[in-house]
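Please find below a short note on this structure, set out as numbered points for a reader who is new to the subject. Each point may be checked against the display.

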Amino acid sequence: MPVPLEQSRHLVTEIPGPKSVALNHRRAAAVAAGVGGAMPVYAACADRGIVEDVDGNRLIDLGAGIGVMTAGNTAPRVVEAVRAQAGEFLHTNFTTTPYESYVAVAEQLNRITPGSGEKRSTLFNAGAEAVENAVKIARSYTRRPAVVAFDHAFHGRTNLTMALTAKSMPYKSGFGPFAPDVYRAPMSYPYRDGLIDKELGADGELAAARAISMIDKQIGAADLAAVIVEPIQGEGGFIVPADGFLPALLAWCRDNGVVFIADEVQSGFARSGAMFACEHEGLVPDLICTAKAIGGGLPLSAVTGRAEIMDAPQRGGLGGTFGGNPVACAAALAVIETIESDGLIERARQIERVAFDRLRRLQADDDRVGDVRGRGAMIAFELVHPDTAEPDAALTARVVAQARAAGVIVLTCGTYGNVVRLLPPLTISDELLLDGLDVLAGALGRQ
């Protein structure tokens with residue numbers, strides 16, 4: 001097993017150090033310029049809440065590989081499961097010569113996702129694949145073409161999922177034309193809605209009525225295959241819709257024969273303080289898309305849902321060469337066991353309490369912190385111009401750059417580029433988490 005890393009932030013060079021600088025030069029000569037990059041350092045090893053770079057700097061990890069490493073980078077069960085499966089076989093393709101672990105992952109997903117009815121699952125490689133296939137399944141089931149997504153949504157980088165995604169730069173600009181029959185409805189965004197209309201910001205049912213009115217007028221239920229929504233929006237700004245918004249949408253979908261798809265790619269697998277964010281309001285979606293944390297660092301995604309919907313496509317209509325790779329399936333089974341055996345759902349709730357306490361004190365002291373929001377270990381704060389509440393993307397960029405230079409891996413998000421998001425591994429200690437939050441607070445105070 002890997003040697004545990006000391007769980008403390010420690011810099012031995014400036015960020016980036018000389019070895020990372022050399023790797024950045026190699027990257028510029030070898031890797032396409034369109035591939036983004038947040039941190040200017042290169043990882044050598046990682047454990048729990050620490051990433052150590054090639055120069056020996058220990059960095060606090062508040063990104064977890066964009067929410068992937070929920071169970072940590074060296075979770076013992078996951079590491080052992082991957083090693084064991086790699087020694088047996090790496091690949092056969094499930095649609096050619098199937099294997100038990102794919103079936104076992106499907107069984108576990110059917111067990112742990114919301115709802116007690118009969119369910120089916122199918123496995124893919126990435127979140128965008130899961131979303132794209134969920135839309136395929138919904139269209140096959142309903143025999144309708146249209147799909148509704150929401151303002152601030154992010155659903156992926158394939159052609160269809162770019163159409164579903166709201167933000168142009170950097171995800172969509174220059175890549176069109178996009179898939180047709182995709183429409184956008186207004187999301188419940190309590191902070192920004194409340195700046196315009198306090199009642200709208202607080203009342204999820206009122207916000208849902210606004211969205212449903214737009215859907216009825218511009219599309220009509222008779223042509224609508226699916227509504228897809230993130231229960232907590234990820235790239236769009238960690239937006240938690242007002243209570244009642246999601247249940248009202250689900251009820252309308254049920255009344256009109258529209259498939260309700262929950263995109264839990266970022267919010268699933270204990271991240272929100274529940275196994276799935278839908279559970280916070282008792283939602284049972286027709287289809288649920290999962291990825292990121294499910295594979296414990298290996299590429300895996302899934303669509304799980306009501307059996308009659310999942311079974312609608314013709315045999316051979318779903319699949320792919322690497323979907324449900326046996327090594328990734330072994331990792332997924334170990335991830336689920338780790339979450340359930342090690343109390344990681346409760347740990348996410350503990351992280352929420354620690355983070356909210358620190359960030360709300362920061363908000364009380366600094367009126368540039370317009371909003372603090374999130375659930376579990378999916379927390380964000382939005383930076384604004386205090387006089388107008390207009391988004392302050394420039395301030396956000398400076399704060400994050402200074403935090404990174406001090407040894408904290410942290411990411412931004414939001415349609416306006418003004419949200420700092422926290423996605424720590426659930427294995428992080430309170431001490432490391434608070435150190436990272438203090439670094440962010442200090443960076444803001446120096447602006």
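Helices (H or I, at least four residues) and strands (E, at least two) are here DSSP runs, and they are numbered from the N terminus. The model under review is a predicted one.

1. Cis peptide bonds. Most residues other than glycine have a negative phi, and most peptide bonds are trans. Against this background, the bond from Ile-15 to Pro-16 is cis, with omega near 0°. Pro-16 lies in the segment before helix H1 (18-30). A cis bond also leads from Met-169 to Pro-170, again with omega near 0°. Pro-170 belongs to the loop that connects helix H6 (159-164) with strand S6 (182-185).

2. Positive phi values. Phe-269 is not a glycine, yet its phi is positive, near 60°. Lys-292 likewise has a positive phi, near 45°. Phe-269 sits in the loop between strand S8 (259-263) and strand S9 (287-290), while Lys-292 occupies the loop between S9 and strand S10 (301-306).

3. Buried or partly exposed? How do Phe-269 and Lys-292 stand in this respect? Buried means under 20% relative accessible area. Phe-269 has a relative accessibility of 1%, and therefore counts as buried. Lys-292 has a relative accessible area of 23%, so it is partly exposed.

4. Surroundings of Phe-269. Leaving aside residues up to four places away in sequence, Phe-269 touches ten residues, among them Thr-70, Leu-109, Met-275, Thr-290, Ile-336 and Ile-339. Phe-269 is also one of three residues, with Phe-150 and Leu-440, that touch the most other members of the largest nonpolar core, a set of 92 residues. Helix H12 (residues 326-341) provides the largest share of this core, namely nine residues. A second core, of 24 residues, is separate and includes Ala-130, Ala-163, Ala-226 and Cys-289.

5. The open sheet. Four strands, in the order S11-S12-S15-S14, make up an open sheet with antiparallel pairing. Strand S11 (369-375) and strand S14 (411-413) are at the edges; each has a single partner strand, so one side of each is without a neighbour in the sheet. From one strand to the next, the twist averages 30°.

6. Strand S15 and its helix. S14 and strand S15 (residues 419-422) run antiparallel and are joined by three bridges. Leu-411 has Arg-421, in S15, as its bridge partner. Helix H15 (residues 430-445) packs on the sheet and touches S11, strand S12 (378-383) and S15. The direction of H15 makes about 170° with that of S15.

Definitions and conventions:
Residues are numbered from 1 along each chain as its sequence is written. This is a predicted model: local features need pLDDT of at least 70, side-chain atom pairs count only at pLDDT 80 or more; totals for chains, interfaces and linings use all residues. Side-chain values use heavy atoms; hydrogens and water are left out. Buried means under 20% relative accessible area, exposed over 50%, partly exposed in between (1.4 Å probe, protein chains only). A nonpolar core is a set of buried Ala, Val, Leu, Ile, Met, Phe, Trp, Tyr and Cys residues joined through side-chain atoms within 4.5 Å. Contact means heavy atoms within 4.5 Å. Two strands pair if DSSP finds at least two bridges between them. Axes are lines fitted to C-alpha atoms, for helices over the stretch in contact, and angles run from 0 to 180 degrees between N-to-C directions.
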